[in-house]
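Subject: Structure handover

Hello,

Here is the structure I promised to pass on. Please open it next to this message and follow along.

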Amino acid sequence: MTGQTAMIAERCSDCGGTMVCQVNQFIQRDDLWWDAEISCDTCGMAGCEDSSPGRPPEDVRKALLTAHGPARLRVVGPMPSLVPALKVLREVSGASLPDARKQVDELRRGGLVGTLTEMEFLRLRLRRLGVPVDVEFGTD
Ligand SMILES: [Zn+2]
């Protein structure tokens with residue numbers, strides 16, 4: 001399973017101590033998911049805070065990007081038509097057609113940047129429709 005985990009320190013709502021929020025982003029049943037589990041060492045409070053498909057909140061993404069660094073998705077071969085790429089980007093991100101076009105432009109130039117799980121998810125979808133893309137690490 002493709003996925004990434006990061007820790008965010010938060011203030012415990014029960015005892016005021018420091019609690020740890022473990023956030024996960026993963027691919028499950030052909031969808032992009034994220035969830036968050038909280039636990040407090042001081043008072044023992046624990047639970048599952050959230051679990052949803054789709055793009056996680058910005059603080060969760062930020063924690064994943066800080067912990068693992070960004071990944072970049074790039075077109076690595078000839079792309080006879082933009083239609084499959086536009087279709088996937090619109091499905092996955094709910095982007096409007098102009099926004100999807102911008103994203104395809106980024107794919108073909110510098111690459112689209114996001115968490116590894118997000119880029120891997122897009123790669124699987126794009127490859128399935130024959131779009132030649134690959135994920136690479138780094139921020140050059
Ligand atoms: Zn606590």
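Start with one residue pair: Gln-28 stands opposite Asp-31 in S3. Keep in mind that this is a predicted model. Gln-28 is in strand S2, which covers residues 18–28. S2 and S3 run antiparallel, and 10 bridges join them.

**The four-stranded sheet**

S2 and S3 belong to an open sheet of 4 strands. The order is S1-S2-S3-S4, and the pairing is antiparallel. Which strands stand at the edges? They are strand S1 (3–11) and strand S4 (46–53). Each has a single partner strand, so one side of each has no neighbour in the sheet. Neighbouring strands here are turned against each other by 20° on average, ignoring direction.

Now look at S1 and S2. They pair in the antiparallel sense over 9 bridges. Ile-8 is a good place to find the pairing, as this residue stands opposite Cys-21 in S2. The two strands form a hairpin, with 6 residues between them. Check Gly-16 in the turn: its phi is positive, at about 80°.

Two helices lie across this sheet. Helix H1 (residues 58–68) lies across S1, S2 and S3. H1 runs at about 115° to S1. H4 also lies across S1, S2 and S3. H4 runs at about 10° to S2.

**The three-stranded sheet**

There is also an open sheet of 3 strands, in the order S6-S5-S7. Its pairing is antiparallel too. S6 and strand S7 (133–137) are the edge strands. Each has a single partner strand, so one side of each is left free of a neighbour in the sheet. The twist from one strand to the next averages 25°.

Strand S5 (residues 71–75) pairs with S6 in the antiparallel sense over 3 bridges. To find that pairing, go to Arg-72, which stands opposite Val-113 in S6.

**The two domains**

The chain is divided into domain 1 (3–66) and domain 2 (71–137). Their centres, taken over C-alpha atoms, are separated by 27 Å. How many residues of each domain are in contact with the other? The count is 13 residues of domain 1 and 10 residues of domain 2.

**The largest pocket**

The largest pocket holds about 380 Å³ of space. It is lined by 17 residues. The closest to its centre are Arg-55, Val-92, Ser-93, Glu-118 and Leu-122. Four elements give two or more residues to the lining: strand S3 (31–40), helix H2 (83–93), strand S6 (112–114) and helix H4 (116–128). Which element gives the most? That is H4, with 5 residues.

The lining is mixed in character. It divides into 8 nonpolar, 4 polar and 5 charged residues. Both domains take part: domain 1 (3–66) and domain 2 (71–137) each supply at least three residues to the lining.

**Where to look again**

H4 links several of these points. This helix lies across S1, S2 and S3, and gives the most to the pocket lining. S3 also appears twice: this strand is joined to S2 by 10 bridges, and is among the elements that give two or more residues to the lining. S6 is an edge strand of its sheet, and is likewise among those lining elements.

Best wishes

Methods:
Residues are numbered from 1 along each chain as its sequence is written. This is a predicted model: local features need pLDDT of at least 70, side-chain atom pairs count only at pLDDT 80 or more; totals for chains, interfaces and linings use all residues. Side-chain values use heavy atoms; hydrogens and water are left out. On a 1 Å grid over the protein atoms alone, a cavity is a set of points where a 1.4 Å probe fits but cannot get out, and a pocket is an open set with protein on both sides within 12 Å along at least five of seven lines; lining residues have an atom within 4 Å of a point. Grid points are joined across faces, edges and corners, and a volume is the space filled by probe spheres set on the points. Ala, Val, Leu, Ile, Met, Phe, Trp, Tyr, Cys and Pro count as nonpolar, Asp, Glu, Lys and Arg as charged, and the others, Gly among them, as polar. Domain bounds come from an automatic or database domain assignment. Two strands pair if DSSP finds at least two bridges between them. Axes are lines fitted to C-alpha atoms, for helices over the stretch in contact, and angles run from 0 to 180 degrees between N-to-C directions. Contact means heavy atoms within 4.5 Å.
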